[in-house]
Amino acid sequence: IPLRLVGSEMCIRDSRYTDRNVLQDITGVKLPEYQILKDTLLGESVFLGDFERQCEIEFKELPSEEFYLLLDSICAIRNNVQDGGNSYKLHWNKVTEGILYYIEEKLPYVKTLNIAWFGGEPLLKIKEIDDLSEKLIALTEKYGVDYTASMTTNGTRLKYIPDVCNRLKKNKISNIQITLDGDREHHNQTRKYASDSQGTFEDVVKAIKVLYSEKFNVSVRINLNKKNIHTISNVFDVLESEDLKKVKLYFGQLLDYSSGNTSEIYMNIEEFSDTIVKLYEVLKDRGFPYGMDDHYPTAARACMACRPDSAVIDCNGNIFKCRTQTGELDKKIGNVLNPENQTRKEAIQEINWAEWSPFEYSKCTECQFLPLCMCGCPYTLYDNDSTEPICVEWKYITDYFVTEKIKEAIINEQD
């Protein structure tokens with residue numbers, strides 16, 4: 001077996017999920033049941049979600065591995081989703097059973113199960129979150145596994161859900177991320193209510209305040225592009241006026257996945273890196289705790305799609321390795337509802353992700369920042385072997401954060 005197929009980058013699951021004969025054909029080696037799993041599995045994750053929601057379930061000891069499961073509400077069952085019809089209930093029950101069985105197979109080998117609900121808006125399916133969370137928590141108690149959970153939400157549903165904060169706490173959802181697309185003007189251009197096209201900025205800020213007051217660990221992601229970067233200080237003004245200076249802030253780069261020329265809107269990585277350094281300086285000057293420890297490099301973190309037992313599972317149970325590929329059925333690696341029927345092609349596609357390595361690119365092996373980014377996003381290389389990896393911000397901002405960390409240490413020592 002190639003060296004990079006073992007260790008933390010690859011584990012072979014039992015024959016009910018992975019076609020072990022395919023692996024034997026490729027490698028020429030007969031693999032003992034669960035042996036590699038037992039010897040090398042350091043962490044594991046699962047992603048769940050519906051048409052507008054995903055949930056990450058992260059089994060964690062050292063690194064994490066992931067599954068993405070997209071559940072419910074598309075096309076054929078869309079109407080039933082709205083009225084709670086039998087078709088939706090049957091679908092939800094089947095997928096839930098598949099998820100629980102799939103996870104239970106992993107729990108004997110991990111220490112922590114961490115769920116992160118995310119997507120368009122997970123709180124649209126709060127009843128399903130309640131239901132599945134209760135069952136997952138019961139499973140972890142059965143196996144003596146720790147359980148934590150987080151959520152990415154736009155916050156606009158909070159005011160419509162009775163006793164929402166206590167329900168989230170019961171589901172052990174402690175970390176919550178909310179996104180702003182810049183200041184009020186820019187955010188309201190891109191994030192509107194479908195019913196009346198009104199902007200959501202005020203409701204999102206209210207949600208941040210409610211969650212923060214309820215002692216959730218709230219992170220605010222501020223998306224950046226060339227159109228909103230000059231007014232981001234307005235966001236800081238609003239957060240300060242609402243007594244939210246201690247909320248964790250971080251900045252997200254909006255990327256262009258189209259084939260058009262949109263350089264007037266989207267920043268390249270050098271521009272983005274330069275912008276966030278300037279913004280962190282503003283935060284520091286204004287007394288915001290801007291999360292230095294969260295940004296200071298500590299260890300390599302490979303793409304989740306390349307980790308053992310990672311998957312993206314859509315509402316029909318189709319399994320993918322990368323969530324960006326969801327819906328491209330020719331790239332699926334199986335189905336969670338009948339994992340024993342994984343085809344040869346699907347097994348090979350799964351192995352291709354695990355076998356992917358940044359050490360195949362001289363651009364990366366000659367770069368002093370390689371351990372931090374692990375070659376960036378492998379999706380950009382998936383369909384084109386001649387493509388060069390795209391560098392991420394660590395290449396441009398590590399010097400800044402290291403210097404800031406040293407300054408902080410010196411100040412603390414003087415105090």
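**Exercise 1. Decide whether Tyr-280 is buried or exposed.**

Solution. Tyr-280 has 2% relative accessibility, so it counts as buried. The cut-off for buried is under 20% relative accessible area. The model used here is a predicted one.

**Exercise 2. Find the aromatic partner of Tyr-280 and describe the pair.**

Solution.
- Step 1: the method. A pair of aromatic rings is described by the distance of the centres and the angle of the planes.
- Step 2: the total. Four aromatic pairs occur in the structure.
- Step 3: the partner. Tyr-280 pairs with Phe-251, at 5.2 Å centre to centre and 65° between the planes.
- Step 4: the type. Planes over 60 degrees apart count as edge-to-face, and the pair of Phe-251 and Tyr-280 is edge-to-face.
- Step 5: the places. Phe-251 sits in strand β8 (residues 248-253) and Tyr-280 in helix α10. They are 29 residues apart, and their pair links distant parts of the chain.
- Step 6: burial of the partner. Phe-251 counts as buried because its relative accessibility is 8%.
- Step 7: the wider group. Phe-251 and Tyr-280 join Tyr-400 and Phe-401 in one aromatic cluster.

**Exercise 3. Work out how α10 packs against α15.**

Solution.
- Step 1: the method. Two packed helices are described by the angle between their axes and the distance between the axes.
- Step 2: the values. The axes of α10 and α15 are 9 Å apart, and the angle is about 20°.
- Step 3: the direction. Angles under 35 degrees count as roughly parallel. Therefore α10 and α15 are roughly parallel to each other.
- Step 4: the residues. On the α10 side, the contact includes Ile-269, Ile-276, Val-277 and Tyr-280. On the α15 side, it is made by Tyr-396, Ile-397, Tyr-400, Phe-401 and Glu-404.
- Step 5: the classes. The contact of α10 with α15 has eight nonpolar, one polar and four charged residues.
- Step 6: the link back. Tyr-280, Tyr-400 and Phe-401 take part in this contact, and they also belong to the aromatic cluster.

**Exercise 4. Describe the packing of α9 on α10.**

Solution.
- Step 1: the values. Helix α9 (residues 232-241) and helix α10 (residues 269-285) have axes that come within 11 Å and cross at roughly 30°.
- Step 2: the direction. That angle makes α9 roughly parallel to α10.
- Step 3: the hand. The crossing of α9 past α10 is right-handed.
- Step 4: the residues. Ile-232, Ser-233 and Phe-236 of α9 meet Leu-279, Val-282 and Leu-283 of α10.
- Step 5: the classes. Five residues in the contact of α9 with α10 are nonpolar, one is polar and none is charged.

**Exercise 5. Describe the aromatic pair that Phe-236 forms.**

Solution.
- Step 1: the geometry. Phe-236 and Phe-288 are 5.8 Å apart centre to centre, with 45° between the planes.
- Step 2: the type. This pair is tilted.
- Step 3: the places. Phe-236 lies in helix α9, and Phe-288 lies in the loop between α10 and α11 (292-295). The two are 52 residues apart.
- Step 4: burial. Phe-236 and Phe-288 are both buried.

**Exercise 6. Describe how α4 and α5 pack.**

Solution.
- Step 1: the values. The axes of helix α4 (residues 86-104) and helix α5 (residues 126-143) cross at roughly 25° and come within 11 Å.
- Step 2: the direction. α4 and α5 are therefore roughly parallel to each other.
- Step 3: the hand. Their crossing is right-handed.
- Step 4: the residues. Among them are Tyr-88, Trp-92 and Ile-99 of α4, and Leu-132, Lys-135 and Tyr-143 of α5.
- Step 5: the classes. The contact of α4 with α5 has nine nonpolar, one polar and five charged residues.

**Exercise 7. Place Pro-378 and list its contacts.**

Solution.
- Step 1: the place. Pro-378 is in the loop between α14 (370-373) and α15 (394-414).
- Step 2: burial. Pro-378 has a relative accessible area of 2%, so it is buried.
- Step 3: the contacts. Leaving out residues up to four places away in sequence, Pro-378 touches Cys-303, Cys-306, Trp-353 and Trp-356.
- Step 4: one distance. The C-alpha atoms of Pro-378 and Trp-356 are 8.0 Å apart, with these positions 22 residues apart along the chain counted as their separation.

**Exercise 8. State where Asp-243 lies, and whether it is buried or exposed.**

Solution.
- Step 1: the place. Asp-243 is in the loop between α9 and β8.
- Step 2: the backbone. Its phi is near 60°, a positive value in a residue other than glycine.
- Step 3: exposure. Asp-243 counts as exposed because its relative accessibility is 63%.

How values were computed:
Residues are numbered from 1 along each chain as its sequence is written. This is a predicted model: local features need pLDDT of at least 70, side-chain atom pairs count only at pLDDT 80 or more; totals for chains, interfaces and linings use all residues. Side-chain values use heavy atoms; hydrogens and water are left out. Axes are lines fitted to C-alpha atoms, for helices over the stretch in contact, and angles run from 0 to 180 degrees between N-to-C directions. Helices (H or I, at least four residues) and strands (E, at least two) are DSSP runs, numbered from the N terminus. Angles under 35 degrees count as roughly parallel, over 145 as roughly antiparallel, 65 to 115 as roughly perpendicular and the rest as oblique. A crossing is left-handed if the near helix is turned anticlockwise from the far one by less than a right angle, and right-handed if clockwise. Contact means heavy atoms within 4.5 Å. Ala, Val, Leu, Ile, Met, Phe, Trp, Tyr, Cys and Pro count as nonpolar, Asp, Glu, Lys and Arg as charged, and the others, Gly among them, as polar. Rings of Phe, Tyr and Trp (its six-membered ring) pair if their centres lie within 6.5 Å; planes under 30 degrees apart count as stacked, over 60 as edge-to-face and the rest as tilted. Buried means under 20% relative accessible area, exposed over 50%, partly exposed in between (1.4 Å probe, protein chains only).
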